[in-house]
Amino acid sequence: MKPVKIGLLGLGTVGTGVVRLVEGHQEDLQNSSGSPIVIEKILVQNKSKERDINVSPDKLTEDPWEVIKDPAVDVIVEVMGGVQQTKEYLLEALSLGKHIVTANKDLMALHGPELLEMAKAHGCDVMYEASVAGGIPIIRTLIEGFSSDRITKIMGIVNGTTNYIMTKMSQEGAAYADVLKEAQELGYAESDPTSDVEGLDAARKMTILATLGFRANVDLSDVSTEGISKVTKEDILYAKRLGYEVKLLGIAERQDDLISISVQPTMVKNTHPIASVNGVFNAVYVYGEAVGETMFYGPGAGELPTATSVVADLVAVVKNLNLGVNGKNSAVAYKEKKLKTDEQISSKYFMLLHVADRAGVLAQITQIFAKYEVSLDAVLQQPNPANPAAEIIIITHDASKASVGKVLKAFEELDVIFNVKSVYRVEG
């Protein structure tokens, strides 16, 4: 059998894992794909760098075009990151008839439709399972496993760094800044953690999942995004007292072909399966009209978990090559995107208010809720010796995002409310 030759762009953590799996599992991969798989060329930044994996120096190059334009290379595996320049590399590769496997969430969130259209025009595959949730095969599941169903909601913990921080804050009562520092020391968080802790990484992943789940081209700008940097240990303590855990959730919903996508710290009922997903693990909860509720759980990052998804995509490409069906199975969006307005986005909300400790205050607050037609599920006052103001906790019934916004605006004009300490969406 003729071997299928691979050009690997990047030999960092994931790239090293890809080499380990391709070389170490060759018999299994050949049996699964129908052809030997050979790594022909590898793009690196520094050919002379010492590595913890043995690679023939003849395969290494510092010139990306040497990989992309090599006529012997059938498939480009991109695990080097980057967006604009990387897009140009991959578009050129597609124009030359080379198939693409990528782990690049930023690229697919921003330019996925363009790459997929180019692939379709040239009869090529673009596979990107590893771009979301590491070793969890969620993308293939959305494309193939749910092809006979209609997805109404996707809810996920899709960033391991923030889930690690939220877990430590919940289990140990630690402050956000202390846990973030620890996560950086352990290598779970970058020296500049902005992309993770402000929800940007999760937003990119939810862009990809929503596009696949709803078959409409969702843009990153469509995702309402809020991170965890303002979450306090007091917020988490109150949540636990009420039977909730705080998680950074990506939530994509569809109702009557209207969709909404958000990333935000969310209070999740502790009986919900996703509330028990801890540490650096990821989980994606998918609701289908026919199948009901399903959850996919596993490691969201790491050398071998992510490389496993990359190599699984590689096997799929080689299978398609042998069957002659490349470029025919990509999930190109075909539905018109219709976004919900704030009046149409609805959920329960948790609010923690610091208010004047005197008679009549609660009545003034409830009048504002009534004015904007937001009904209340629970109202609690918790004693806090460290706070001279009264602390009132409110959980609403389902209310529109617009109505809750009007309530919060009205609170700014009410002198008996010193500040709105916290506002969270509530799930479960």
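Leaving aside residues up to four places away in sequence, T211 touches A216, N217 and V218 in this predicted model. T211 itself belongs to helix α10, which covers residues 200-214. The relative accessible area of T211 is 16%, and because the cut-off for a buried residue is under 20%, T211 counts as buried.

From this single position one can turn to the protein as a whole, whose secondary structure comes to 14 helices and 17 strands. Of its 428 residues, 53% count as buried, T211 being one of the residues in that class. Among contacts between residues at least 6 apart in sequence, 73% join residues that are at least 24 apart. The radius of gyration is 24 Å, which agrees with the value near 22 Å that a compact globule of 428 residues would have. Taken along the principal axes, the box filled by the C-alpha atoms is roughly 85 × 45 × 35 Å.

The outer face of the protein can be described in similar terms. The accessible surface comes to about 18,700 Å², and 48% of that surface belongs to carbon and sulfur atoms. The protein carries 42 positive and 56 negative charges, and the mean positions of these two sets lie 2 Å apart.

Among the strands, six form an open sheet with parallel pairing, in the order β3-β2-β1-β4-β5-β6. The edges of this sheet are β3 (60-61) and β6 (126-127), each of which pairs on one side only. Within the sheet, strand β1 (residues 4-9) runs parallel to strand β4 (residues 75-78), and four bridges join the two; L8 has V77 as its bridge partner in β4. In general, the strands of a sheet pair through backbone hydrogen bonds, in either a parallel or an antiparallel manner.

The backbone also deserves attention at two loop positions. Most residues other than glycine have a negative phi. A133, although it is not a glycine, has a positive phi of about 65°, and E373, likewise a residue other than glycine, has a positive phi near 60°. A133 is placed in the loop between the edge strand β6 and helix α6 (138-145), whereas E373 is placed in the loop between α13 (361-371) and β14 (376-382). Are these two residues buried or exposed? A133 has a relative accessibility of 1% and therefore counts as buried, while E373, at 74% relative accessibility, counts as exposed, because the cut-off for that class is over 50%.

Technical notes
Residues are numbered from 1 along each chain as its sequence is written. This is a predicted model: local features need pLDDT of at least 70, side-chain atom pairs count only at pLDDT 80 or more; totals for chains, interfaces and linings use all residues. Side-chain values use heavy atoms; hydrogens and water are left out. The radius of gyration is taken over C-alpha atoms; the globule rule is 2.2 Å times the number of residues to the power 0.38. Buried means under 20% relative accessible area, exposed over 50%, partly exposed in between (1.4 Å probe, protein chains only). Contact means heavy atoms within 4.5 Å. Accessible areas come from the Shrake-Rupley method with a 1.4 Å probe; for residues, only the protein chains shown count as cover. Lys and Arg count as positive and Asp and Glu as negative; His and the chain ends are not counted. The place of a charge is taken as NZ of Lys, CZ of Arg, CG of Asp or CD of Glu. Two strands pair if DSSP finds at least two bridges between them.
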